[in-house]
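Q: Please take a close look at one part of this model, the largest pocket, and follow the elements that line it outwards into the rest of the chain.

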Amino acid sequence: MYSARIDGKPTIFGTSGMLYRSNKLMYDRETKTLWSSLPGTPVIGPLAHREDLKLEIFPVAPTIWCEWLAEHPDTSVLSPLNDFYRPIVYPRGDYYKSTYYRYRTIPNTMFPVWNRDSRLGTKAGVFGVSISDSHIAYTVSTLRALRVVNDRVVGRDVVIVSSAISSGIRVYERDAQELQLPVGSFDGRPAAKVYESGETLTADESALVSEDGSTTLRRLSSNIYFWYAWFAFHPETDLYSALQK
């Protein structure tokens, strides 16, 4: 999810139907420049020479309806009843008639990708985090199993909080203290608990916040990718291993 502003001015984007490194290219309707959908940068067209240009990215988290609704009971929902497509066009992603069902289930990409890495399967799901010019990937399966991961990226302490039943994963800044799961057994996305003081921090959509509001640790931008896609654009990426911790 990106801001649709270029140089501070709002614009409208569309899908070009073309791919770059086997990832979709979008275009802005103002200049007809093609933009890569993974880093949010212009690659072909009038704005392609702008090395300083990069769309602002917002943090998002793929999740499941019951988990989201429990956390946000007053949420708004984008209705499939609209003037563009019939509701039948929006089936569940795991339904065999959905548009990209076959692509999700085959192990490889439909088209070649110029740079690959064999440490993970081509379409392994990874949670990608970028800080400055450094990048690190965490496998979704590892985060679901560990639930809370304390790490250090480019000299910055971070904590990743994950659900065990969905891809509802979020990364936050962290102070010097490490965090752990709260007491109790549950599968949803947890609040994190500080080791030293026992203070509980609530993991909401924008920050980790203490009960009295004295501690606020902001959420960082991140998303979930296929491994091949993340590596194609970030070949210098680190890959997290719990065994190294």
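A: The answer starts with the pocket, then follows its lining elements and ends with a few loop residues.

The model is predicted: local features need pLDDT of at least 70 and side-chain atom pairs count only at pLDDT 80 or more, whereas totals for chains, interfaces and linings use all residues. Numbering runs from 1 along each chain as its sequence is written, and side-chain values use heavy atoms, with hydrogens and water left out.

The largest pocket has a volume of about 1900 Å³. Its lining is made up of 39 residues, and Lys24, Tyr100, Tyr103, Arg104 and Phe226 are the closest to its centre. A pocket here is an open set of points on a 1 Å grid over the protein atoms alone, where a 1.4 Å probe fits and protein lies on both sides within 12 Å along at least five of seven lines; lining residues have an atom within 4 Å of a point. Points are joined across faces, edges and corners, and the volume is the space filled by probe spheres set on them. By class, the lining has 23 nonpolar, eleven polar and five charged residues. Nonpolar covers Ala, Val, Leu, Ile, Met, Phe, Trp, Tyr, Cys and Pro, charged covers Asp, Glu, Lys and Arg, and the others, Gly among them, are polar.

At least two lining residues come from each of β3, β4, α2 (101–105), β17 (222–226) and α4 (227–233). Helices (H or I, at least four residues) and strands (E, at least two) are DSSP runs, numbered from the N terminus.

Take the hairpin of β3 and β4. Strand β3 (residues 13–20) pairs with strand β4 (residues 23–28) in the antiparallel sense over five bridges; two strands pair if DSSP finds at least two bridges between them. Lys24, one of the residues closest to the pocket centre, is the bridge partner of Leu19. Two residues separate the strands, and Arg21 in this hairpin takes a positive phi near 55 degrees. Most residues other than glycine have a negative phi. Beyond β4, in the loop that leads to β5 (34–36), lies Lys32. Lys32 also has a positive phi, of about 65 degrees, and is exposed at a relative accessible area of 53% (exposed means over 50%, buried under 20%, partly exposed in between, with a 1.4 Å probe and protein chains only).

On the side of α4, Trp230 is found in the helix. Trp230 counts as buried because its relative accessible area is 2%. Setting aside neighbours within four places in sequence, its contacts (heavy atoms within 4.5 Å) include Leu38, Val126, Gly128, Val129, Ser130, His135, Ile136 and Tyr225. Phe127 is 103 residues away from Trp230 in sequence, yet their C-alpha atoms are 9.1 Å apart. The side chains of Trp230 and Thr237 are joined by a polar contact of 2.9 Å. Such a contact is a pair of N or O atoms within 3.5 Å; within protein, one must be able to donate a hydrogen and the other to accept it, and residues adjacent in sequence count only if both atoms are side-chain atoms.

Strand β17 belongs to an open sheet of four strands, ordered β17-β7-β8-β18, with mixed pairing. β17 and β18 (238–239) are the edges, each with a single partner strand, so one side of each has no neighbour in the sheet. Strand β8 (residues 134–139) and β18 run parallel and are joined by two bridges, with Ile136 partnered by Asp238.

β17 also contributes to the second largest pocket, where β17 and β7 (125–131) each supply at least two lining residues. That pocket has a volume of about 420 Å³. Of its 22 lining residues, Lys54, Ile57, Ser130, Ile131 and Ser221 lie nearest the centre. β7 gives the largest share, four residues. The lining has ten nonpolar, eight polar and four charged residues.

One further loop residue is Arg147, between α3 (140–146) and β9 (148–153). Phi of Arg147 is positive, near 75 degrees, and the residue is buried at a relative accessible area of 8%.
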